[in-house]
Amino acid sequence: MKKVLPWIPALLAVTAGAFFIWYMSYSFEHSPLVRELFSGSSSGVLGEVAENSQETLAMRARFTGKLSMWIFSAITVLQFVAFGAGVGVVSKIRTSAESPQLKLKRLDSSDVIFDVPLYVGLFGTVSAFLVMTFSPQSSRLIAYSSTLIGIIFSLLLRLTMYFPLKNKLLGIAEKEGENK
């Protein structure tokens, strides 16, 4: 059972990511507000997208908006996966039958996993520069939101998982040291 337990956070992250992608796609198709966030313009200004017409400015704006929405969604899903990986690493260390000193060493050596959401956020910011050519408004949305999500997820991992476990292990290691 302990071997399956670390995969539960990753499974939850993938499920949350899949739901998020579905929700974003649904919202893009059914909500003018979401569509305008990524397209950067109202269909009233550019005209409606006609089904059997040649490419129009409205169709191009809709395509770049959808592309921006998919990039944003993919980066957000990567954030969920990075968060799930961090939770999985901490869960595996917490449930292992090793000594507190070894758990502390493993926790310190896995410190980089708690920065992965920051790196994914930076990746999202750089990716937004590629979108800037087509849609400056949605590129700012991607850049700022991916960075913000990365900061929040990294902070949550450190404050709710890393810090409490490290303090607990330090306390246990100190008690064991006093008993010797």
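Is E29 buried, partly exposed or exposed? With a relative accessible area of 30%, E29 is partly exposed, where buried stands for under 20% relative accessible area, exposed for over 50% and partly exposed for what lies in between, with a 1.4 Å probe and protein chains only. The structure is a predicted model, in which local features need pLDDT of at least 70 and side-chain atom pairs count only at pLDDT 80 or more, while totals for chains, interfaces and linings use all residues. Residues are numbered from 1 along each chain as its sequence is written, and side-chain values use heavy atoms, with hydrogens and water left out.

The protein has seven helices and zero strands, helices being DSSP runs of H or I with at least four residues and strands runs of E with at least two, numbered from the N terminus. Read from the N terminus, the order of elements is α-α-α-α-α-α-α. Of the 180 residues, 36% count as buried. Among contacts between residues at least 6 apart in sequence, 74% join residues at least 24 apart, a contact being heavy atoms within 4.5 Å.

The charged side chains offer a way into this arrangement. Side chains of opposite charge can pair when their charged atoms come close. The count of salt bridges comes to five, a salt bridge being a side-chain nitrogen of Lys or Arg within 4 Å of a carboxyl oxygen of Asp or Glu. One of them joins the side chains of E29 and K66, at 2.4 Å from N to O. Because E29 lies in helix α1 and K66 in helix α4, this pair ties together parts that are 37 residues apart in sequence. K66, like its partner, is partly exposed, at 27% relative accessibility.

Another salt bridge is formed by R106 and E98, whose closest N and O atoms are 2.8 Å apart. R106 is partly exposed, with a relative accessible area of 40%, and E98 is partly exposed as well, with 26%. A further bridge brings the side chains of D115 and R158 together at 2.9 Å, N to O. Here D115 lies in the loop between α5 and α6 (116–131) and R158 in helix α7, so the pair ties together parts that are 43 residues apart in sequence. D115 counts as buried at 18% relative accessibility, whereas R158 counts as partly exposed at 23%. Salt bridges that share partners join D111, D115 and R158 into one network. R158 also has its charged end over the ring of Y162, 5.6 Å from the ring centre; for this, NZ of Lys or CZ of Arg must be within 6 Å of the ring centre and within 35 degrees of the ring normal.

The aromatic rings form contacts of their own. There are eight aromatic pairs, counted when rings of Phe, Tyr and Trp (its six-membered ring) have centres within 6.5 Å, with planes under 30 degrees apart called stacked, over 60 edge-to-face and the rest tilted. The rings of F19 and Y23 have centres 6.3 Å apart and planes at 20 degrees, so this pair is stacked. F19 and Y23 are four residues apart in helix α1 (residues 7–30), which means that about one helical turn separates them. F19 is exposed, at 53% relative accessible area, while Y23 is partly exposed, at 42%.

The rings of F83 and F153, by contrast, are tilted, because their centres are 5.1 Å apart and their planes stand at 50 degrees. This pair links distant parts of the chain, with F83 in helix α4 (residues 57–95), F153 in helix α7 (residues 136–179) and their positions 70 residues apart. F83 is partly exposed at 24% relative accessibility, and F153 is buried at 14%. Ring pairs link both of these residues with F20, F72 and F80 into a cluster.

Two helices show how burial is distributed around an axis. In helix α5 (residues 100–109), the residues P100, K103, L104 and L107 are buried. They cover an arc of only 100 degrees around the axis, so they lie on the same side of α5, the arc being that of the directions from the helix axis to the C-beta atoms. K105 and S109, on the other side of α5, are exposed.

In α6, the buried residues are P117, V120, G121, G124, T125, S127, A128 and V131. Their arc of only 165 degrees around the axis puts them on the same side of α6, whereas L122, F129 and L130 are exposed on the other side.
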